[in-house]
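Trainee: I've got a structure to look through and I'd like to start with its hollows. Can we go over it together?

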Amino acid sequence: MILLTSLKSQTKLAAWRVVVRTLKVAVVGAGGGIGQPLSLLLRRCPGIDELALHDITDIKGIAADLSHVSQTGKVVGFTGEQELETAVSGADVVVVAAGMPRLPGMQRDHLMAANGNVAVKVATAVSNASPRALLSFITNPVNMIVPTAAEVLKAHGTFDPRRLFGITTLDVVRSKKFIGDSMNISPDEVKIPVIGGHAGITILPLISQCQPRYRCDPQEIHKLTHRIQEAGTEVVNAKAGKGSATLSMAFAGATFVDSLLRAIGGQEDLVECAFVASELTDAPFFASPLQLGKDGIKGYVPLPQLSDYEKEALEKLLPILRQNADEGVRFARTFLKGQSESPVPAALP
Ligand code: LMR
(Lines give C-alpha, C1' and ligand atoms only; values in the text may rest on other atoms or scores of the structure.)
Protein backbone atom coordinates (compact mmCIF):
# COMPACT_ATOMS: atom_id res chain seq x y z
CA MET A 1 0.00 0.00 0.00
CA ILE A 2 2.74 2.38 0.96
CA LEU A 3 4.62 1.34 -2.16
CA LEU A 4 1.50 1.98 -4.26
CA THR A 5 1.02 5.48 -2.79
CA SER A 6 4.63 6.38 -3.35
CA LEU A 7 4.49 5.06 -6.91
CA LYS A 8 1.34 7.12 -7.52
CA SER A 9 2.93 10.28 -6.20
CA GLN A 10 6.07 9.63 -8.25
CA THR A 11 3.92 9.30 -11.38
CA LYS A 12 2.15 12.54 -10.48
CA LEU A 13 5.51 14.23 -10.01
CA ALA A 14 6.71 12.90 -13.37
CA ALA A 15 3.52 14.18 -15.06
CA TRP A 16 3.98 17.56 -13.38
CA ARG A 17 7.55 17.70 -14.67
CA VAL A 18 6.36 17.07 -18.22
CA VAL A 19 3.60 19.70 -18.13
CA VAL A 20 5.43 22.50 -16.32
CA ARG A 21 8.30 23.19 -18.70
CA THR A 22 10.29 26.26 -17.73
CA LEU A 23 11.29 28.52 -20.56
CA LYS A 24 13.98 31.09 -21.15
CA VAL A 25 13.50 33.94 -23.60
CA ALA A 26 16.36 36.30 -24.48
CA VAL A 27 15.68 39.74 -25.95
CA VAL A 28 18.68 41.23 -27.77
CA GLY A 29 18.39 45.01 -28.07
CA ALA A 30 16.09 45.07 -25.05
CA GLY A 31 16.88 48.68 -24.14
CA GLY A 32 15.60 50.23 -27.37
CA GLY A 33 12.31 51.58 -28.62
CA ILE A 34 11.08 48.12 -29.63
CA GLY A 35 13.01 46.13 -27.04
CA GLN A 36 11.50 47.81 -23.99
CA PRO A 37 7.78 47.47 -24.82
CA LEU A 38 8.48 44.00 -26.27
CA SER A 39 10.09 42.91 -23.00
CA LEU A 40 7.17 44.37 -21.05
CA LEU A 41 4.64 42.49 -23.20
CA LEU A 42 6.66 39.29 -22.82
CA ARG A 43 6.23 39.59 -19.03
CA ARG A 44 2.56 38.75 -19.73
CA CYS A 45 3.41 35.52 -21.58
CA PRO A 46 2.79 32.59 -19.27
CA GLY A 47 5.58 30.08 -18.70
CA ILE A 48 8.63 32.32 -19.12
CA ASP A 49 10.85 31.36 -16.22
CA GLU A 50 13.71 33.63 -17.26
CA LEU A 51 13.60 36.76 -19.37
CA ALA A 52 17.17 37.66 -20.29
CA LEU A 53 17.56 41.24 -21.48
CA HIS A 54 20.64 42.15 -23.46
CA ASP A 55 21.83 45.46 -24.82
CA ILE A 56 25.06 47.10 -25.74
CA THR A 57 24.40 49.92 -23.27
CA ASP A 58 23.62 49.32 -19.60
CA ILE A 59 20.37 47.40 -19.24
CA LYS A 60 20.38 46.79 -15.47
CA GLY A 61 17.88 49.56 -14.69
CA ILE A 62 15.37 48.23 -17.22
CA ALA A 63 15.84 44.69 -15.91
CA ALA A 64 15.28 45.89 -12.32
CA ASP A 65 12.20 47.83 -13.41
CA LEU A 66 10.65 44.87 -15.26
CA SER A 67 11.54 42.47 -12.45
CA HIS A 68 8.97 44.27 -10.23
CA VAL A 69 6.06 43.41 -12.54
CA SER A 70 3.93 40.95 -10.58
CA GLN A 71 4.47 37.94 -12.82
CA THR A 72 6.32 34.73 -12.14
CA GLY A 73 9.83 34.27 -13.47
CA LYS A 74 12.99 36.30 -13.17
CA VAL A 75 14.35 39.12 -15.31
CA VAL A 76 18.11 39.35 -15.75
CA GLY A 77 20.11 42.06 -17.53
CA PHE A 78 23.25 41.52 -19.62
CA THR A 79 25.32 44.37 -20.99
CA GLY A 80 27.86 44.61 -23.77
CA GLU A 81 29.11 42.32 -26.48
CA GLN A 82 31.06 40.28 -23.93
CA GLU A 83 27.80 39.24 -22.19
CA LEU A 84 25.84 38.37 -25.35
CA GLU A 85 26.61 34.66 -25.18
CA THR A 86 25.67 34.43 -21.51
CA ALA A 87 22.44 36.29 -22.25
CA VAL A 88 21.34 33.82 -24.94
CA SER A 89 22.82 30.75 -23.25
CA GLY A 90 20.26 27.94 -23.02
CA ALA A 91 17.44 30.15 -24.34
CA ASP A 92 14.40 28.51 -25.91
CA VAL A 93 13.63 31.65 -27.89
CA VAL A 94 15.99 34.49 -28.83
CA VAL A 95 14.28 37.57 -30.25
CA VAL A 96 16.44 40.27 -31.79
CA ALA A 97 15.34 43.91 -31.89
CA ALA A 98 18.86 45.44 -31.95
CA GLY A 99 19.94 47.73 -34.76
CA MET A 100 19.38 51.14 -36.29
CA PRO A 101 15.94 52.32 -37.49
CA ARG A 102 15.08 53.95 -40.81
CA LEU A 103 14.98 57.70 -41.28
CA PRO A 104 12.63 59.43 -43.76
CA GLY A 105 13.77 58.81 -47.34
CA MET A 106 15.51 55.51 -46.50
CA GLN A 107 14.53 52.05 -47.72
CA ARG A 108 14.99 49.14 -45.29
CA ASP A 109 17.85 47.81 -47.50
CA HIS A 110 19.87 50.91 -46.61
CA LEU A 111 20.13 49.59 -43.05
CA MET A 112 22.18 46.53 -44.01
CA ALA A 113 25.51 48.33 -43.61
CA ALA A 114 24.57 49.37 -40.07
CA ASN A 115 22.64 46.26 -38.97
CA GLY A 116 24.16 43.32 -40.86
CA ASN A 117 26.65 42.71 -38.08
CA VAL A 118 23.78 42.24 -35.60
CA ALA A 119 22.81 39.12 -37.55
CA VAL A 120 26.40 37.88 -37.57
CA LYS A 121 27.08 38.48 -33.87
CA VAL A 122 23.78 37.10 -32.62
CA ALA A 123 23.90 34.04 -34.90
CA THR A 124 27.46 33.37 -33.68
CA ALA A 125 26.44 33.70 -30.03
CA VAL A 126 23.41 31.45 -30.57
CA SER A 127 25.58 28.86 -32.36
CA ASN A 128 27.96 28.80 -29.41
CA ALA A 129 25.53 29.02 -26.51
CA SER A 130 22.01 27.98 -27.55
CA PRO A 131 22.02 26.19 -30.92
CA ARG A 132 18.52 24.80 -30.32
CA ALA A 133 16.96 28.22 -29.69
CA LEU A 134 14.23 29.50 -31.99
CA LEU A 135 16.02 32.58 -33.34
CA SER A 136 13.73 35.39 -34.49
CA PHE A 137 14.81 38.68 -36.04
CA ILE A 138 12.93 41.97 -35.98
CA THR A 139 16.08 43.81 -37.09
CA ASN A 140 15.83 45.31 -40.58
CA PRO A 141 16.34 44.67 -43.42
CA VAL A 142 14.66 41.36 -42.51
CA ASN A 143 14.90 40.21 -46.16
CA MET A 144 18.72 40.26 -45.87
CA ILE A 145 19.26 39.78 -42.13
CA VAL A 146 17.69 36.30 -42.10
CA PRO A 147 19.84 34.98 -45.03
CA THR A 148 22.91 36.52 -43.32
CA ALA A 149 22.11 34.76 -40.04
CA ALA A 150 21.45 31.49 -41.89
CA GLU A 151 24.86 31.68 -43.55
CA VAL A 152 26.59 32.28 -40.21
CA LEU A 153 24.71 29.40 -38.60
CA LYS A 154 25.73 27.19 -41.56
CA ALA A 155 29.37 28.19 -41.07
CA HIS A 156 29.08 27.03 -37.45
CA GLY A 157 27.28 23.83 -38.42
CA THR A 158 24.20 24.84 -36.41
CA PHE A 159 21.74 25.87 -39.14
CA ASP A 160 18.32 24.28 -38.72
CA PRO A 161 15.81 25.88 -41.14
CA ARG A 162 12.99 25.12 -38.68
CA ARG A 163 14.53 27.40 -36.05
CA LEU A 164 15.28 30.66 -37.86
CA PHE A 165 12.63 33.35 -38.43
CA GLY A 166 12.24 36.90 -39.67
CA ILE A 167 9.28 38.38 -37.84
CA THR A 168 6.73 39.67 -40.36
CA THR A 169 3.80 39.62 -37.94
CA LEU A 170 3.46 43.42 -38.15
CA ASP A 171 2.38 43.08 -41.79
CA VAL A 172 -0.38 40.73 -40.65
CA VAL A 173 -1.27 42.99 -37.70
CA ARG A 174 -1.59 45.99 -40.03
CA SER A 175 -3.62 44.03 -42.58
CA LYS A 176 -6.05 42.89 -39.88
CA LYS A 177 -6.38 46.42 -38.53
CA PHE A 178 -6.89 48.19 -41.87
CA ILE A 179 -9.33 45.56 -43.15
CA GLY A 180 -11.16 45.30 -39.82
CA ASP A 181 -11.65 49.08 -39.75
CA SER A 182 -12.78 49.12 -43.36
CA MET A 183 -15.31 46.31 -42.74
CA ASN A 184 -16.35 47.81 -39.43
CA ILE A 185 -15.49 44.61 -37.54
CA SER A 186 -12.90 43.79 -34.90
CA PRO A 187 -9.38 43.22 -36.34
CA ASP A 188 -9.32 40.03 -34.23
CA GLU A 189 -12.03 38.58 -36.48
CA VAL A 190 -9.91 39.13 -39.62
CA LYS A 191 -7.69 36.30 -40.85
CA ILE A 192 -5.32 37.06 -43.71
CA PRO A 193 -2.02 35.54 -44.83
CA VAL A 194 0.76 37.94 -45.80
CA ILE A 195 3.47 36.35 -47.95
CA GLY A 196 6.75 37.38 -49.61
CA GLY A 197 9.10 39.49 -47.53
CA HIS A 198 9.17 42.53 -45.28
CA ALA A 199 9.93 45.56 -47.46
CA GLY A 200 7.86 47.55 -49.95
CA ILE A 201 6.40 45.45 -52.76
CA THR A 202 7.84 42.24 -51.29
CA ILE A 203 5.04 42.49 -48.68
CA LEU A 204 2.05 40.77 -50.29
CA PRO A 205 -1.20 40.57 -48.33
CA LEU A 206 -3.41 37.88 -49.88
CA ILE A 207 -6.64 39.84 -49.80
CA SER A 208 -8.29 37.14 -51.94
CA GLN A 209 -7.85 34.78 -48.96
CA CYS A 210 -9.19 37.18 -46.33
CA GLN A 211 -11.71 35.76 -43.88
CA PRO A 212 -14.38 37.09 -43.69
CA ARG A 213 -14.35 37.74 -47.40
CA TYR A 214 -13.30 41.30 -48.28
CA ARG A 215 -15.39 42.41 -51.23
CA CYS A 216 -14.16 45.44 -53.13
CA ASP A 217 -13.15 46.60 -56.61
CA PRO A 218 -9.64 46.16 -58.09
CA GLN A 219 -8.67 49.79 -57.41
CA GLU A 220 -9.51 49.40 -53.77
CA ILE A 221 -7.51 46.14 -53.58
CA HIS A 222 -4.53 47.95 -55.07
CA LYS A 223 -4.93 50.89 -52.66
CA LEU A 224 -5.18 48.63 -49.62
CA THR A 225 -2.23 46.46 -50.72
CA HIS A 226 -0.14 49.59 -51.23
CA ARG A 227 -1.13 50.97 -47.82
CA ILE A 228 -0.06 47.73 -46.12
CA GLN A 229 3.22 47.67 -48.09
CA GLU A 230 4.01 51.27 -47.18
CA ALA A 231 2.67 51.27 -43.61
CA GLY A 232 6.19 51.17 -42.13
CA THR A 233 7.11 54.24 -44.19
CA GLU A 234 3.92 55.96 -42.99
CA VAL A 235 5.24 55.62 -39.41
CA VAL A 236 8.81 56.60 -40.38
CA ASN A 237 7.49 59.79 -41.99
CA ALA A 238 5.15 60.55 -39.08
CA LYS A 239 8.06 60.17 -36.64
CA ALA A 240 9.99 62.64 -38.82
CA GLY A 241 13.53 61.50 -38.08
CA LYS A 242 12.83 59.95 -34.67
CA GLY A 243 12.82 56.36 -35.93
CA SER A 244 10.30 53.82 -37.15
CA ALA A 245 7.48 51.72 -35.69
CA THR A 246 8.34 50.62 -32.16
CA LEU A 247 5.09 50.02 -30.24
CA SER A 248 3.16 48.22 -32.99
CA MET A 249 6.33 46.26 -33.78
CA ALA A 250 6.65 45.28 -30.11
CA PHE A 251 3.01 44.15 -30.16
CA ALA A 252 3.67 42.09 -33.29
CA GLY A 253 6.93 40.66 -31.92
CA ALA A 254 5.29 39.64 -28.65
CA THR A 255 2.40 38.04 -30.57
CA PHE A 256 4.86 35.97 -32.59
CA VAL A 257 7.01 34.95 -29.61
CA ASP A 258 3.87 34.03 -27.67
CA SER A 259 2.93 31.63 -30.50
CA LEU A 260 6.45 30.13 -30.52
CA LEU A 261 6.22 29.56 -26.76
CA ARG A 262 2.78 27.99 -27.02
CA ALA A 263 4.07 25.68 -29.76
CA ILE A 264 7.06 24.70 -27.60
CA GLY A 265 4.54 24.03 -24.82
CA GLY A 266 2.71 21.56 -27.06
CA GLN A 267 -0.21 23.59 -28.48
CA GLU A 268 -1.06 21.96 -31.79
CA ASP A 269 -3.00 24.38 -33.96
CA LEU A 270 -0.63 27.30 -34.28
CA VAL A 271 -0.08 28.97 -37.64
CA GLU A 272 1.91 32.21 -38.03
CA CYS A 273 3.38 33.97 -41.04
CA ALA A 274 7.14 34.50 -40.92
CA PHE A 275 10.10 34.98 -43.27
CA VAL A 276 12.04 31.72 -43.32
CA ALA A 277 14.17 29.39 -45.44
CA SER A 278 11.59 28.00 -47.83
CA GLU A 279 11.07 25.87 -50.90
CA LEU A 280 7.58 27.15 -51.67
CA THR A 281 8.91 29.42 -54.44
CA ASP A 282 12.24 29.91 -56.17
CA ALA A 283 13.28 32.50 -53.58
CA PRO A 284 15.42 30.76 -50.92
CA PHE A 285 13.78 32.76 -48.12
CA PHE A 286 10.10 33.57 -48.19
CA ALA A 287 7.35 34.63 -45.79
CA SER A 288 4.28 32.42 -45.68
CA PRO A 289 1.96 30.84 -43.13
CA LEU A 290 3.77 28.16 -41.09
CA GLN A 291 2.55 25.45 -38.78
CA LEU A 292 4.49 25.77 -35.55
CA GLY A 293 5.61 22.94 -33.31
CA LYS A 294 8.01 22.16 -30.46
CA ASP A 295 11.04 22.54 -32.76
CA GLY A 296 9.88 25.65 -34.61
CA ILE A 297 8.49 25.08 -38.09
CA LYS A 298 6.41 21.91 -38.23
CA GLY A 299 5.04 22.47 -41.72
CA TYR A 300 4.71 24.96 -44.55
CA VAL A 301 1.10 25.75 -45.47
CA PRO A 302 0.98 25.41 -49.29
CA LEU A 303 0.29 28.62 -51.19
CA PRO A 304 -3.40 28.95 -52.03
CA GLN A 305 -4.86 29.77 -55.43
CA LEU A 306 -3.91 33.44 -55.91
CA SER A 307 -5.90 36.11 -57.72
CA ASP A 308 -4.42 37.44 -60.98
CA TYR A 309 -3.37 40.61 -59.15
CA GLU A 310 -1.56 38.56 -56.50
CA LYS A 311 0.07 36.27 -59.10
CA GLU A 312 1.51 39.29 -60.89
CA ALA A 313 2.68 40.84 -57.61
CA LEU A 314 4.37 37.55 -56.62
CA GLU A 315 6.24 37.40 -59.93
CA LYS A 316 7.53 40.94 -59.31
CA LEU A 317 8.68 40.35 -55.76
CA LEU A 318 10.52 37.03 -56.19
CA PRO A 319 13.57 38.48 -58.04
CA ILE A 320 13.90 41.10 -55.27
CA LEU A 321 13.89 38.40 -52.58
CA ARG A 322 16.48 36.36 -54.49
CA GLN A 323 18.72 39.42 -54.78
CA ASN A 324 18.22 40.30 -51.09
CA ALA A 325 19.17 36.74 -50.10
CA ASP A 326 22.34 36.91 -52.24
CA GLU A 327 23.31 40.19 -50.61
CA GLY A 328 22.70 38.76 -47.13
CA VAL A 329 24.84 35.72 -47.88
CA ARG A 330 27.57 37.90 -49.37
CA PHE A 331 27.55 40.09 -46.26
CA ALA A 332 27.94 37.06 -44.00
CA ARG A 333 30.79 35.61 -46.07
CA THR A 334 32.63 38.93 -46.12
CA PHE A 335 32.16 39.32 -42.38
CA LEU A 336 33.23 35.74 -41.67
CA LYS A 337 36.42 36.36 -43.65
CA GLY A 338 37.15 39.10 -41.14
CA GLN A 339 36.76 41.98 -43.57
CA SER A 340 34.28 43.83 -41.38
CA GLU A 341 35.09 44.43 -37.76
CA SER A 342 32.46 46.92 -36.54
CA PRO A 343 30.79 46.21 -33.18
CA VAL A 344 27.11 45.32 -32.58
CA PRO A 345 25.11 48.55 -32.80
CA ALA A 346 23.01 49.65 -29.84
CA ALA A 347 19.28 48.96 -29.67
CA LEU A 348 16.84 50.75 -31.93
CA PRO A 349 16.31 54.14 -30.25
C1 LMR B 1 7.96 48.45 -40.04
O2 LMR B 1 7.41 47.75 -40.88
O3 LMR B 1 7.36 49.35 -39.43
C4 LMR B 1 9.39 48.19 -39.69
O5 LMR B 1 9.95 47.29 -40.60
C6 LMR B 1 10.22 49.42 -39.57
C7 LMR B 1 10.40 50.18 -40.86
O8 LMR B 1 11.53 50.61 -41.13
O9 LMR B 1 9.44 50.39 -41.58
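**Loops, ligand and hollows**

Mentor: Sure, let's start in a loop: Pro 212 lies between strand E8 (203-205) and helix H8 (218-229). Keep in mind that this is a predicted model.

Trainee: Is the peptide bond from Gln 211 to Pro 212 cis or trans, and what is omega near?

Mentor: We've just placed Pro 212 in the loop between E8 and H8. The bond leading into Pro 212 from Gln 211 is cis, and its omega is near -5 degrees.

Trainee: Which residue comes before Pro 141 in a cis peptide bond?

Mentor: Pro 141 belongs to the loop between strand E5 (134-137) and helix H6 (142-155). Omega is near 0 degrees for the cis bond there. The residue on the other side of that bond is Asn 140.

Trainee: What is phi of Asn 184 near?

Mentor: Look in the loop between H7 and strand E7 (194-196), where Asn 184 is found. Asn 184 is a residue other than glycine, and its phi is positive. The value is near 60 degrees.

Trainee: On to the ligand, then. In which hollow does the ligand sit?

Mentor: Start with the shell: the ligand has Arg 102, Arg 108, Asn 140, Leu 170 and Arg 174 around it, along with His 198, Gly 232, Ser 244, Ala 245 and Met 249. Now look at a cavity whose lining residues nearest the centre are Arg 108, Asn 140, Ser 244, Ala 245 and Met 249. Those five names turn up in the ligand's shell too. The ligand sits in the largest cavity.

Trainee: What percentage of the ligand's exposed area does the protein bury?

Mentor: Let's check the contacts first: an oxygen atom of the ligand is 2.7 Å from an N or O atom in the side chain of Arg 102, and the distance for the side chain of Asn 140 is 2.7 Å. For the side chain of Arg 174, an oxygen atom of the ligand is 2.8 Å from an N or O atom. Taken alone, the ligand exposes 260 Å², and the share of that buried by the protein is 98%.

Trainee: How many charged residues are in the shell around the ligand?

Mentor: Sort the shell by class. It has 3 nonpolar and 4 polar residues. The charged ones number 3.

Trainee: How much space lies in the largest cavity?

Mentor: The largest cavity has 18 lining residues, divided into 10 nonpolar, 5 polar and 3 charged. H7 and helix H9 (231-239) each give at least two residues to that lining. The space in the largest cavity is about 170 Å³.

Trainee: How many cavities of 30 Å³ or more are there?

Mentor: Besides the largest cavity, there is a second largest one with about 50 Å³ of space. Its lining includes Val 126, Pro 131 and Arg 163, and by class has 5 nonpolar, 1 polar and 2 charged residues. The count of cavities of 30 Å³ or more is 2.

Trainee: Now the pockets. Which element supplies the largest share of the lining of the largest pocket?

Mentor: Three elements each supply at least two residues of that lining: helix H7 (169-183), helix H10 (247-264) and strand E9 (271-277). The largest share is 5 residues, and the element behind it is H7.

Trainee: What is the volume of the largest pocket?

Mentor: This pocket is lined by 24 residues, with Val 172, Lys 176, Val 190, Thr 255 and Glu 272 nearest its centre. By class, the lining has 16 nonpolar, 2 polar and 6 charged residues. The volume of the largest pocket is about 770 Å³.

Note on methods
Residues numbered from 1 in each chain as written. Predicted model: local features only at pLDDT ≥ 70, side-chain atom pairs only at ≥ 80, totals over all residues. Heavy atoms only, no water. 1 Å grid on protein atoms, 1.4 Å probe; cavity = no way out; pocket = protein on both sides within 12 Å on 5 of 7 lines; lining within 4 Å. Points joined across faces, edges and corners; volume = space filled by probe spheres on them. Helix = DSSP H or I, 4+ residues; strand = E, 2+ residues; numbered from the N terminus. Nonpolar A, V, L, I, M, F, W, Y, C, P; charged D, E, K, R; others polar. Near = heavy atom within 4 Å. Polar contact = N/O pair within 3.5 Å; in protein donor to acceptor, adjacent residues only side chain to side chain. Areas by Shrake-Rupley, 256 points an atom, 1.4 Å probe, with all protein chains shown as cover. Sits in = over half its atoms within 2 Å of the grid points.
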